[in-house]
Amino acid sequence: MKSFIVFALIVAAVAAAPQRSADADAQILRSDLSNIGVDSYQYVVETSNGIKQEEQGQLQNVGTDNEAIQVRGQFSYVGQDGVTYSVTYVADENGFQPQGAHIPQPA
């Protein structure tokens with residue numbers, strides 16, 4: 001079950017990256033899926049079209065009713081306007097919490 005959650009998070013993160021027709025020819029420059037375990041994981045992916053992503057997750061409150069995975073990461077990509085957009089995020093019991101210069105912040 002936990003490995004499915006990790007897989008689902010990776011798929012969701014990749015699917016969330018903006019797509020352009022030029023992306024179809026992108027090559028993977030770096031792919032490091034290290035420290036994949038039952039209670040934690042870490043990975044880095046970088047492609048030739050400027051997409052970079054790093055993420056690590058760790059199981060918190062192991063063996064309790066509050067057991068949950070805490071994820072920290074960042075991704076960046078080049079937008080259609082040529083600007084590189086970067087997002088850092090935490091996903092935990094408080095939900096997905098992204099931060100980036102282009103993301104509106106509450107007043």
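The secondary structure of this protein, which I should say at once is a predicted model, comes to 1 helix and 6 strands, and if we read from the N terminus, the elements follow one another as α-β-β-β-β-β-β.

Let me turn to how the strands are arranged. They form an open sheet of 6 strands in the order β1-β2-β3-β4-β5-β6, and the pairing is antiparallel. At the edges stand β1, residues 28–34, and β6, residues 95–99, each of which has a single partner strand, so one side of each is left without a neighbour in the sheet. Going from one strand to the next, the twist averages 10 degrees. As a general reminder, strands of a sheet pair through backbone hydrogen bonds, either parallel or antiparallel. For one pair in some detail, β4 and β5 run antiparallel and are joined by 8 bridges, and Gln 74 stands opposite Thr 88, a residue of β5.

Now to the interior. Which residues make up the largest nonpolar core? There are 5 residues in all, namely Tyr 41, Tyr 43, Val 71, Tyr 89 and Ala 91, and at least two residues of this core come from each of β2, residues 40–47, and β5, residues 84–92. In soluble globular proteins, nonpolar side chains tend to be buried together. Over the protein as a whole, buried residues make up 22% of the 107 residues.

Tyr 89, one of the core residues, also brings us to a polar neighbour, because its side chain makes a polar contact, at 3.5 Å, with the side chain of Gln 53. Gln 53 itself is found in strand β3, residues 52–60, and, with a relative accessible area of 7%, Gln 53 is buried.

A little further along the chain, in the loop between β3 and β4, we find Asn 61. Most residues other than glycine have a negative phi, whereas Asn 61, although not a glycine, has a positive phi of about 55 degrees. Is Asn 61 buried or partly exposed? Its relative accessibility is 44%, so Asn 61 counts as partly exposed.

I will finish with two values for the whole protein. The accessible surface comes to about 7,300 Å², and 54% of that belongs to carbon and sulfur atoms. As for contacts between residues at least 6 apart in sequence, 22% of them join residues at least 24 apart.

Methods: Residues are numbered from 1 along each chain as its sequence is written. This is a predicted model: local features need pLDDT of at least 70, side-chain atom pairs count only at pLDDT 80 or more; totals for chains, interfaces and linings use all residues. Side-chain values use heavy atoms; hydrogens and water are left out. Helices (H or I, at least four residues) and strands (E, at least two) are DSSP runs, numbered from the N terminus. Buried means under 20% relative accessible area, exposed over 50%, partly exposed in between (1.4 Å probe, protein chains only). A polar contact is a pair of N or O atoms within 3.5 Å; within protein, one must be able to donate a hydrogen and the other to accept it, and residues adjacent in sequence count only if both atoms are side-chain atoms. A nonpolar core is a set of buried Ala, Val, Leu, Ile, Met, Phe, Trp, Tyr and Cys residues joined through side-chain atoms within 4.5 Å. Two strands pair if DSSP finds at least two bridges between them. Axes are lines fitted to C-alpha atoms, for helices over the stretch in contact, and angles run from 0 to 180 degrees between N-to-C directions. Contact means heavy atoms within 4.5 Å. Accessible areas come from the Shrake-Rupley method with a 1.4 Å probe; for residues, only the protein chains shown count as cover.
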